[in-house]
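Me: I've got a structure open and I'd like a close look at just one part of it. Could you walk me through one helix and how it sits against the rest?

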Amino acid sequence: MPKAAAAKTSAQPTSYEAALQELEQLIAHIESGQLPLEQMLTGYQCAAELLAYCRGKLDAVQEQVKVLDEGTLSPWTQD
């Protein structure tokens with residue numbers, strides 16, 4: 001994985017879907033076993049950040065569904 005790819009993930013993803021796609025690509029690179037150790041570590045760190053972003057988005061949506069299930073409607077805000 002080039003350093004440009006590592007720098008790309010340091011910015012906030014534009015959407016859950018974009019973050020998930022990038023995470024899947026990073027995992028494929030890491031699992032290929034073709035990366036030098038330093039690039040593998042950088043990829044792992046980027047993947048951890050993307051995973052945290054995706055989990056945060058999913059948690060926010062889950063909370064909104066919970067609110068809807070309880071019958072209290074409120075607008076959904078993307079943080």
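Reply: Let's take α2 and work outwards from there. Keep in mind that this is a predicted model. The protein chain has three helices and zero strands, and α2 runs over residues 16-32.

Start with its length. At 1.5 Å a residue, the 17 residues of α2 should span 24 Å, and the end C-alpha atoms are indeed 24 Å apart, so the two agree.

Now look at which residues are tucked away. Ala19, Glu22, Leu23 and Leu26 of α2 are buried. They cover an arc of only 105° around the axis, which means they sit on the same side of α2. Why does that spacing work? An α-helix has 3.6 residues a turn, so residues three or four places apart point the same way. Turn to the other side of α2 and you'll find Glu17, Glu24 and Glu31, which are exposed.

So what does the buried side join? Ala19, Leu23 and Leu26 belong to the largest nonpolar core, along with Cys46, Ala47, Leu50, Tyr53 and Cys54. Both α2 and α3 (37-69) give two or more residues to this core, and α3 has the largest share, with five.

Tyr53 is a nice one to click on. Leaving aside neighbours within four places in sequence, Tyr53 is in contact with Ala19 and Tyr16, as well as with Gln12, Pro13, Thr14 and Ser15.

Last, check where the helix stops. Glycine 33 follows α2, and its phi is positive, near 75°.

Terms used:
Residues numbered from 1 in each chain as written. Predicted model: local features only at pLDDT ≥ 70, side-chain atom pairs only at ≥ 80, totals over all residues. Heavy atoms only, no water. Core = buried A, V, L, I, M, F, W, Y, C linked by side-chain atoms within 4.5 Å. Buried < 20%, exposed > 50% of the residue type's maximum accessible area, 1.4 Å probe, protein only. Helix = DSSP H or I, 4+ residues; strand = E, 2+ residues; numbered from the N terminus. Contact = heavy atoms within 4.5 Å. Expected span 1.5 Å × (residues − 1). Arc of directions from axis to C-beta.
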